[in-house]
Every structure is written in structure tokens, then in C-alpha cells.
Amino acid sequence: MQLNKTGLIFFPAFDWSISPTHPEREERLLYTRDQIFEEGIPDSSYIREYKPRLAAKEDIRRVHFCVPDVEDQTTEAHLISAGSALKLGDALMKNEIANGFVMARPPGHHAMRVVHGNRGFCNTNNEAILVEYLRRKYGLKRIAIVDTDVHHGDGTQDIFYHDPDVLCISLHQDGRTIFPGTGFVHETGGPGAYLKNINIPLPPGTGDEGFLRVWREIIKPVLNKFDPQLIINSAGQDNHFTDPLASMRVSAQAYGKLTEELQPDIAVLEGGYAIETALPYVNLAILLALAKQDYSKVIEPQFTPAAVKQDEGITLYIDDLIRYWQDALSEDVPSKEDLFGEGKVYQRKKSIYYDTDGIRENQQETVQYCPNCPGLYQVSSTARDQVGQGNSIWGLSIPLFACDKCLEKGYKMWEQAIKEGKEQKTFAYYYLQDKKNDNYLKE
Amino acid sequence: MYIGIDVGGTYTDGVLIDDSKVIRSVKIETEDNLSISIQQVLAKLLLNRGNKNISRVVLSTTLITNMLAGVKKPPVGMLLLPGPGINPQSQDFCSDYILLKGAVDYRGRVIEEIDFGEVDSAVRHFLDKGITSLVVACKFSQRNPSLENRIEHYIKERYPQVDVAPSNRTSGLLNWIRRANGTAFTLFVKNDYNQFVQRFEETITEYDIGCPVYILKADGATLPLEIARQYPLESIFSGPAASTFGALATTQQDITGIMLDIGGTTTDIGLILNGIPLMAERGIYVNGYLVPVRALALSSLALGGDSAITHKNGQLVIAQRKGKGCYLGGNSITFTDILVYLEKSKLSSHPKIELALQEISKNIGKTAENIAEEILNQFIARIDEKIEEMFLRWEEEPAYRIFQIISGQETRPQTIICLGGPAQSIGSILAQKRSWEVIVPQHAEIANAIGAALAKTTLKMDVLIDTEQGRYSTNLPGLSGTLSARLLSLDEAKTFALEIFKGKCAEWKLVTAGKELEDIEIVYEEGFNIVRNWQTKGKIFQIGLQIKPGLVNLLNEGTDAIE
Ligand SMILES: [Zn+2]
Ligand SMILES: [Zn+2]
């Protein structure tokens with residue numbers, strides 16, 4: 001009906017914070033609220049405002065192994081933040097809106113598949129929850145997530161690392177200089193999803209020019225080739241030249257430009273902690289760009305051309321980075337069989353640190369090769385906090401597009417695992433995530 | 001004794017209420033000169049009774065609605081100070097404007113200075129066009145009105161012929177477009193409105209009524225006459241508020257239901273939740289522009305008892321009023337005639353109805369009965385659609401706090417409260433379809449005047465206190481300023497907010513002295529730490545206070561006969 005409208009959920013969670021002085025506190029969207037209300041945004045003919053809703057526990061289980069359970073890792077605010085994404089996803093699929101902006105907190109892109117606690121201010125991954133919800137409910141298959149937060153979207157990467165139908169692209173400040181310390185070019189996806197994970201680590205000091213160039217010269221061609229049915233933008237705003245947690249030099253104008261060119265179907269707010277100098281303006285620029293409105297006058301009071309200018313050295317570095325990706329993407333992709341190698345099993349050990357909760361997690365992932373589907377995924381994970389408390393868990397994930405053989409095999413493995421578990425008590429909890437049948441079990 | 005007067009488009013109604021009983025009511029046709037209608041109603045109400053023991057007079061009037069009818073673009077000039085943000089050229093301002101330098105941000109900090117040379121050329125531009133009324137609107141002027149006020153003073157000093165108004169004194173609502181448009185409409189109606197208030201005051205003096213006299217606002221609250229002069233726009237659309245509160249007064253105070261008010265040419269649909277009508281908190285449309293007037297949330301249809309029945313390309317249509325209905329001996333076949341024909345109205349039939357239906361029948365080849373049934377179904381379908389729209393509006397009201405979302409949705413009301421001539425029959429049909437309960441309040445025909453008489457004086461205030469900037473601002477017109485004391489805790493902030501609120505209540509004669517605490521409630525309270533570089537630099541408090549809307553009195557069941 002109103003195909004030209006941009007859907008908006010503004011959910012500032014004025015009654016939720018990690019702690020009273022934490023960057024992720026009640027104040028974060030206060031001035032953004034002021035700006036968008038004073039501008040009369042909710043009255044605009046091109047905006048349709050929606051009321052947030054709660055996500056269901058199933059929506060979370062479709063993505064995460066929450067330890068011990070969903071209610072231990074989520075507050076109402078998390079369920080509303082995720083639910084807001086789902087609400088706009090529904091509005092989009094019902095053609096009520098042309099696109100949408102989930103301006104909600106808390107954020108989610110650092111939340112991985114296994115959740116022992118809060119990492120990078122995130123517990124549950126809003127974008128991943130949206131992707132799996134849309135694929136289940138509306139039968140979508142190929143979805144792209146473009147993460148423009150200054151921090152590597154490591155949670156989203158982890159969740160879809162072995163999924164060939166979800167293209168994850170993250171541009172961010174180089175992990176050697178900022179949390180979470182990952183997001184390098186060699187993290188290209190598992191053997192079954194090779195080059196479906198693209199990282200673009202940018203040097204500190206990258207300005208509008210570099211930010212837009214990597215979009216145009218790396219991300220855009222990859223997206224075009226993948227031809228997604230839907231594009232989700234993890235619209236973090238901490239690349240801003242005033243952000244206190246990062247060192248980039250990007251303006252509201254550049255964020256607007258990128259949004260205008262990327263044309264995401266749903267943008268989901270992630271980080272951004274310059275709550276006065278950036279957020280009111282960047283949020284507004286993104287929203288206007290989504291609605292195809294003039295954002296050229298959304299200029300921060302602190303803006304000067306010098307503030308967003310990058311050094312010569314950075315420009316040269318980015319030239320190299322672009323060349324690297326252009327070469328890598330033009331090479332022939334080895335076959336999946338070859339990528340899995342001799343043993344036909346992919347194994348990886350990972351150590352993950354939860355900065356907010358001070359938890360150290362060690363995990364081992366296994367993916368089994370299947371010629372007909374992405375293959376079964378297993379994870380065993382042990383977490384310990386500073387006083388040595390924590391849980392060991394085992395999880396099995398049957399992919400959404402699993403073949404019948406893998407499905408059958410998956411349930412056999414599950415039966416066996418819980419049988420062994422009862423005898424040997426290797427793990428405290430066992431999880432089965434059967435995305436194909438939307439069936440989630442815990443023992 | 002209370003007096004309530006509602007001046008409507010067709011009728012002017014008045015009631016005299018004593019000891020929770022309607023002791024006299026009057027209904028006359030509204031004259032072109034509304035002041036004369038008011039005088040006549042007062043005269044009839046007080047006939048042989050005198051003015052003794054009258055403690056309250058409340059007036060609801062369509063004056064502003066009439067004055068603004070058809071005014072798409074008030075002859076007012078706007079001086080706009082947008083600062084950074086949306087391009088104002090893409091926004092809906094109701095009058096011509098000129099953009100000026102000068103900007104304030106969300107914290108009330110001046111981030112760009114005024115260029116008075118620009119102000120001069122803007123004023124001259126409008127004067128050259130013969131425009132002498134000017135609005136000054138600056139984004140975030142509620143957080144810091146100084147730029148608007150300085151421009152106002154500058155213009156007043158140099159251009160005495162100009163009538164200039166800053167937007168911060170129309171409203172403190174966060175929405176500068178609504179403030180600018182509201183100020184433009186206010187400037188446009190102000191002088192005529194003041195003359196009207198003057199005459200009303202004279203009438204009151206004539207009858208030697210010494211009690212407080214109020215004007216009803218669109219949200220069912222009241223303003224003392226002398227205050228109302230400054231805020232003419234607030235009295236727009238007070239008619240539906242009057243009717244709704246009237247319906248409440250004659251049913252139960254905590255009722256939940258759908259309010260269906262079918263008038264001659266329009267139908268209003270509202271929601272009452274536990275005795276409180278659903279409000280359009282942020283404002284309403286006036287001639288297609290949004291203004292910052294708090295009003296009842298209504299879904300309106302240009303359909304009513306007087307709507308004409310006609311046909312176009314072989315299809316039956318319900319069209320605008322064309323004239324007196326056949327049942328009154330007129331020549332226009334109306335919706336009321338259809339109800340009479342189908343025996344769904346208590347009004348007596350008239351041979352003209354049958355004739356008019358036969359005429360249509362000849363043209364479109366359907367029987368008179370089929371035509372009547374089809375029209376009735378059309379009418380009901382359109383009301384049904386609006387009721388659904390109302391429900392969705394209520395259920396989809398944006399929410400910004402966790403508790404609002406957790407508390408969950410209440411179930412949809414299943415009671416329909418019918419006001420106005422055809423409402424009862426339409427309401428019954430709708431109710432039957434959905435198995436709802438139908439309530440037709442006593443005195444439904446004068447519910448508007450009763451509502452005016454009994455609507456409680458209420459006020460809602462949102463305060464924002466910024467201790468780092470040392471400023472506070474509110475949604476109320478002109479009410480903002482600097483903090484003299486350091487407020488450290490939410491409790492201190494609440495005490496401060498309460499003091500401002502009480503001050504406004506006293507000025508607007510809203511609470512009984514000594515009874516403030518019974519009447520005032522805190523709707524929400526929030527404290528935010530302002531943290532910069534990991535240090536707390538101050539606090540922002542948001543506090544909402546209100547005097548709960550409602551009624552001064554309920555009516556008793558057994559009322560006296562109406563004269
Ligand atoms: Zn971030
Ligand atoms: Zn398989």
C-alpha cells in the first residue's frame with residue numbers, strides 16, 4: 001500500500017542500562033530522541049512508526065545456545081530490541097514499508113552462537129535473529145548483512161561462518177587497534193561458505209573518503225555478485241569522527257551517502273557512543289537516506305572538512321586493501337570438497353573473551369562435510385569467569401537447508417550425545433538446534 | 001450550580017446542573033453571531049432563577065473551527081531558524097517562510113548566532129507583501145527560548161506595526177513544525193477570538209455571575225477565560241471532548257468503550273479506557289497541518305444523519321449534506337430518511353421519503369428496499385473500518401519504555417456508547433454483529449453541554465531538567481528557565497517539578513488550594529546520568545505530572561424532567 005514509507009521503531013530503552021556510567025546506558029538515545037522528535041520525524045508522510053514487541057524465546061533459540069537458557073541471558077530489553085527487528089521485518093515482508101530502521105538498544109552484533117554472557121555490550125544478536133526469522137517465516141534464502149559499525153561484527157561472523165546463504169561483510173577499525181581484536185582478511189568463512197565472510201579492516205584515522213571507497217570498490221561488487229534477496233545493515237555509528245571508543249573520521253554525511261547507495265532493506269542500530277555529537281545527526285542522516293529524503297543539511301556542529309580528512313598514508317593503505325580484495329575475489333574458488341580437505345571434517349579451536357562479564361570461553365567447533373547441504377555443526381564450549389565459575393556445554397546445529405541424510409544423522413548424534421551425557425556427565429547442558437524443523441531441545 | 005454551554009455548528013446547548021442533576025436544559029439553533037446564541041442560552045437557563053449559587057461556567061465553542069474553516073494558508077510570515085537537520089524545504093509549514101541563521105541544540109546550547117541583518121531583510125520582505133503577522137520558530141526553542149525571544153524584541157522595537165509571536169509561547173512540545181504552524185494559526189485567529197472572549201466576559205458581567213468562567217479545551221481540560229485569550233487554538237475541536245465527557249458523566253466513571261457520535265454531517269469515533277478518553281498527546285491536524293494541541297484521539301468521517309443519498313454511474317453513494325431531509329419535509333433524501341424508512345429510527349415517517357427512494361429506484365433499477373439496505377450497509381461498513389482504525393491506533397501507539405511494552409495489550413473494548421440521533425440504531429446494528437453491549441447515555445442529546453459543565457480542569461506537564469546546562473523546560477507554552485538550585489537526586493527534581501506544576505495550576509485555577517497533593521499525580525519519572533569521559537557531569541531528569549482528567553461530578557440516575 002504505502003510502498004514509499006520507511007518503517008521506524010524508536011526504542012531508546014530509557015529504563016535499561018548495563019550500569020549507570022556504562023556507554024550502553026539510558027542516556028544513549030536521549031538526544032537522538034530529542035532531534036528526531038523536534039524535527040517532526042514521526043509526523044512525516046514518508047515515515048511509519050511502529051510499536052516494538054517482544055521476541056519469542058524460540059526466535060532466540062533459532063540462533064543462539066544461551067547458557068543455561070534464554071531467560072538467563074536476556075532481559076526484557078533484549079527481547080524488545082530483537083522483537084523490534086522482527087516487527088519491521090514483518091512490516092517489510094507484508095509490503096507495508098519500503099525499508100526500515102530499527103533504532104533500538106541494546107545492540108547485538110558481538111553476540112555469538114554460544115552465549116555465556118555479555119560481550120561488547122551484546123547478549124543476543126538482533127540481525128541474526130532477524131535473518132533466521134525471515135528465512136523461516138517467509139522462505140527467504142540469500143541474505144546479506146553489511147556491518148558498518150567500527151567494531152568487527154564478530155558475533156554475526158561466528159553465527160553465519162558456515163552458512164553459504166548468508167553473506168557477512170564487515171568494515172571496521174583494524175582489530176589490532178580495537179575490540180574485539182578480530183576481523184582480518186583471512187577470516188573468509190568456513191569451507192562450506194568460502195568467501196561468504198568478508199572483512200575490511202581499516203586503519204585508525206580513516207575518513208569519509210576511505211569509508212566510501214571500500215564500500216564502492218569492495219562491498220558493492222561482492223553484493224552484486226551474491227545477489228541477495230534482502231540486505232540488512234548493522235548500522236553502528238562509532239566510525240564517527242567524535243566517537244570516544246574508536247579512532248575513525250567518518251561524518252553523518254558519509255553515513256547518509258553509504259545508506260543511500262547501499263539501500264538496505266532493514267538497518268539495525270548497533271554501536272555509537274558519541275551520544276551527543278554523533279548519534280542525533282548520524283541516526284537522522286541514515287533515516288533520511290533510507291526514506292530517500294534530502295540529508296545534505298544534517299551536519300554536525302563540530303564538523304569541519306579537516307575533521308574527516310584522512311592522511312595520505314591511510315589513502316595508500318586503503319588502495320592496497322582494495323587491490324587485495326579485488327584480486328582475492330577474482331580468483332577461482334576451490335571446490336568445497338577440496339576446502340574440507342582429506343578428513344572431510346572442519347575443526348577449529350577458539351578462545352573468546354567476554355569483556356563486559358569477564359568470562360573466558362574455550363570452544364571447539366566441528367563441521368562435517370556433506371556434498372548436498374552445509375553439513376552438521378557441533379560445538380563444545382567451556383566458560384570460566386574470574387572466580388572460576390562457569391558452564392561446559394555441547395551443542396548440535398542442523399542447518400535450515402540440511403539434507404534429509406544430515407537431518408537423520410543429526411538426531412542420531414543427539415540421542416547418542418545425551419545418552420553419553422547421562423552416563424559420563426561430560427557437559428552440564430546439551431543443546432539441539434534443528435533449524436530445518438524449528439525444533440530446539442535442551443538436556 | 002454548574003453551567004455548561006456548547007456552541008455547535010447547528011445547535012447551541014446549555015445545561016444547568018445542581019446537586020448532580022440536570023435541572024434545566026436548553027437547545028437552540030446556533031446564530032451566525034455566536035455571542036448572541038450564548039446570550040440566549042444563558043437567558044433561558046437563568047430565567048426566573050437568577051444567578052444565585054452558580055459556582056462554575058464552562059463554554060465549549062466551534063468558533064475557532066469556524067474561523068479556520070477553509071484557511072489553507074494563514075496570511076502570516078514565518079522566520080525559521082532550523083539549524084542542522086532536515087531540509088526545511090521538504091517539511092509542511094502552513095505559511096511562507098524565510099530561513100535564518102541562528103541555532104540551538106537539544107541541550108539548549110546556542111550553536112549558531114543570529115544575523116540581525118537577515119532578520120531585517122526578512123521582515124521587510126514580508127512587509128512588502130503586506131504581511132504584518134510574523135512567527136519566529138527556532139528548533140529546540142523550548143530548551144532555550146533566547147534566540148526566538150531576541151528576534152521578537154528586535155522586531156518589536158524596530159517594526160511596531162508587526163505582530164510577532166515566538167513559537168515557544170505557543171507550546172513547549174518537541175516538534176518545531178507543529179509549534180510553527182500552531183503559532184501561525186494562533187496569530188491568524190487571535191484578534192477575532194479576543195473580541196469574542198471580550199463579549200462573552202461582558203455577557204457574564206451582565207448576568208452578574210461572579211464565579212470562575214472557563215473555556216473547554218480539545219482534551220476536555222479547561223482554561224480560565226483570561227488565560228484562554230492567549231491560547232485560542234486550544235479550544236478548537238472541543239465539541240467532541242464535551243460530548244465524550246458528557247457521555248462519561250451519564251454512564252459510569254470507569255467505563256471502557258467505543259464512543260460513537262453521529263452528528264448531522266460528521267461522525268466521530270473515540271475510545272474511552274477506564275473512564276479516560278484516548279488522547280492524541282502530540283497534537284492534531286488543523287486544515288491539513290499538525291498543530292501542538294492536545295486533543296481526544298478521534299477517527300472522523302464526513303458522514304452523518306444529514307448526508308445526502310445519491311447515485312453515480314449506477315452506484316449508490318452517501319454524499320455531503322444537500323439540505324433538509326425528507327422526514328422533515330425537505331427535498332434531500334438523507335441517511336436519517338433511510339433509517340426512518342427501515343424503521344430503525346423513532347422519528348415519524350414522511351411520504352417524501354418513499355417518493356425520493358422511488359426516484360432513485362427508477363434510475364438504478366433496484367427496489368427502494370434494496371437501496372435502503374445497501375445504504376445502511378455502506379454506512380456501517382465505513383464506520384466499522386474507522387473503528388478498526390481506532391483500535392489499531394491504540395494498539396500501535398509507539399512506546400519508548402520497557403514497562404509499556406511488557407504490561408501488554410488490554411483486550412479490545414466490547415461496549416459501544418452511542419451519541420447523536422442515528423448513533424443508537426447504528427450502534428445496535430454494529431453491536432449485534434460483534435456481540436457488543438450498547439449504551440445510550442441518558443441525556444445523549446445534550447451530552448455535550450453536560451460534558452462542558454462537568455469536565456474536570458486538568459493539566460499535563462512534561463518537565464525536562466538538565467543540571468549540567470542548569471536549565472529546565474516543559475511542554476507548556478513559555479514555561480522554561482534556568483535552575484537556581486543544584487538538583488542532585490530524582491527526589492529533589494520531583495520536588496522542583498511539583499513546585500512549577502503547582503504554580504501553573506494556581507495561575508490556571510486548576511486545583512483547590514490545599515488539595516494539590518490529592519489531585520496531582522506523577523506519570524513518569526526518570527533520571528539520566530550525563531557521562532563524559534567516564535565521569536558523571538550532571539543529570540537529566542524527565543518527569544511527567546498531571547491532574548488526572550475526569551469529571552467534577554457524576555450525574556445521578558434519577559434526574560428531573562427536562563424543560
Ligand atoms: Zn561498535
Ligand atoms: Zn547434508
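This is a short tutorial talk about reading some local backbone features and the domains of a predicted model.

Modeller: Ground rules: the model is predicted, so local features need pLDDT of at least 70, side-chain atom pairs count only at pLDDT 80 or more, and totals for chains, interfaces and linings use all residues. Residues are numbered from 1 along each chain as its sequence is written, chains are lettered from A and ligands numbered from 1 in the order in which they are written, and side-chain values use heavy atoms, with hydrogens and water left out.

Biologist: Which peptide bond leading into P68(A) is cis?

Modeller: The one from V67(A), with omega near -10°. P68(A) sits in the loop between strand 3 (65–66) and helix 3 (70–73) of chain A. Helices (H or I, at least four residues) and strands (E, at least two) are DSSP runs, numbered from the N terminus. R105(A) and P106(A) are also joined by a cis bond, omega about 0°, and P106(A) is in the loop between strand 4 (99–104) and strand 5 (114–115).

Biologist: Is N48(B) buried or exposed?

Modeller: Buried means under 20% relative accessible area, exposed over 50%, partly exposed in between (1.4 Å probe, protein chains only). N48(B) is exposed, at 75%. Its phi is near 60°, positive in a residue other than glycine. S435(B), not a glycine either, has a positive phi of about 45° and is exposed at 63%. S435(B) lies in the loop between helix 12 (423–434) and strand 24 (437–439) of chain B.

Biologist: How far apart are the C-alpha centres of domain 1 and domain 3 of chain B?

Modeller: Domain bounds come from an automatic or database domain assignment. Domain 1 (2–69 + 194–250) and domain 3 (308–378) are among those assigned in chain B, and their C-alpha centres lie 36 Å apart.
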